[in-house]
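Dear colleague,

I am passing on a structure for you to look through. Please open it first, and then read my notes underneath.

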Amino acid sequence: MSMPVAHPHQPVPSQAMPAIECRGLVKTYGEGSAMVHAVGGVNAAFGVGEFTAIMGPSGSGKSTLMHLLAGLDVPTQGEVRIEGTVIGGLRDRDLTRLRRDRLGFVFQSFNLVPTLSARENIELPMRLAGRQPDAGELELLASRLGIAERLEHYPHELSGGQQQRVAVARAMITRPAVVFADEPTGALDLKTGRALLESLRMAAHDRRQTVIMVTHDPAAAAYADRVLILVDGRLAHELRGPSYEQIVAMMAQVGS
Ligand SMILES: Nc1ncnc2c1ncn2[C@@H]1O[C@H](COP(=O)(O)OP(=O)(O)OP(=O)(O)O)[C@@H](O)[C@H]1O
């Protein structure tokens, strides 16, 4: 009996589990008349190797959503699954381990350790996980991000943009399954911002890392495979493979 052969050009339906998924996600702050619905019922899935940008007007819940997805904040309702595991059911210790081993963070506060050189800062997550940093990998990341000449410098000897790139290298060195980036190009000039976005895109497409990036910048979002637009804590639009012009038009429509 011959097995059916899939046509090479036919898309194979993907049964793959998303890297991150959320269902009915709600986050409220305060009570009574002071209650704020920061996130108001979000369902979303982030595929393995997919690069998603989250956009929306100021106060629309982007950072709150990202913190919930990364297990850095606890939802009022709903659940988040990371690689199939419902994180609300994890003990603190297990959640911390999952974050350390599977997730990488590029947040606005770079949190570099001032007494460690750039190289030592980048190596830190590997050392904390009891793993040997790969020198070749570190050099490659550093040169791609344009900080190869700065690896022996301490954070106070680096510009804001260079510190940001050290933080990016630190988030990428462990090859985390999911990289969360909050305004990663905020402190960068055009050229280094582009290099960073190329690195994120390469991480997603070549290494199958899932990238979730919050940004206000349509040019940065245009590097992503899709853009999710939040309005008042809800997903209002999704654009797949969007051009810069499409993103600008959509943002104008939602009043940003
Ligand atoms: N700890 C908190 N206590 C009370 N309200 C909060 C808290 N954190 C966020 N909020 C409110 O929740 C809403 C969403 O905030 P969030 O920071 O997620 O928005 P954002 O889209 O990331 O905004 P921005 O683009 O300005 O950074 C806002 O109205 C904000 O004031």
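Below is what was found in it, from the overall form to the core and the ligand.

Please keep in mind that this is a predicted model, in which local features need pLDDT of at least 70 and side-chain atom pairs count only at pLDDT 80 or more, while totals for chains, interfaces and linings use all residues. Residues are numbered from 1 along each chain as its sequence is written.

The protein has eight helices and 10 strands (DSSP runs numbered from the N terminus, H or I of at least four residues for helices and E of at least two for strands). Of its 256 residues, 39% count as buried, that is, with 20 or more other C-beta atoms, placed from the backbone, within 10 Å of their own.

The largest nonpolar core (buried Ala, Val, Leu, Ile, Met, Phe, Trp, Tyr and Cys residues joined through C-beta atoms within 7 Å) holds 65 residues, and Ala169, Val179 and Leu200 have the most contacts inside it. Helix 5, residues 160–172, gives the largest share of this core, with six residues.

Around the ligand (C-beta atom, placed from the backbone, within 6 Å of it) there are residues including Tyr29, Val36, Lys62 and Thr64. Strand 2 (36–46) and helix 1 (62–69) each supply at least two residues of this shell, and the largest share, three residues, comes from helix 1.

Along its principal axes, the C-alpha trace of the protein spans about 70 × 45 × 45 Å.

Best wishes

Definitions and conventions: Buried ≥ 20, exposed ≤ 12 C-beta atoms within 10 Å, placed from the backbone.
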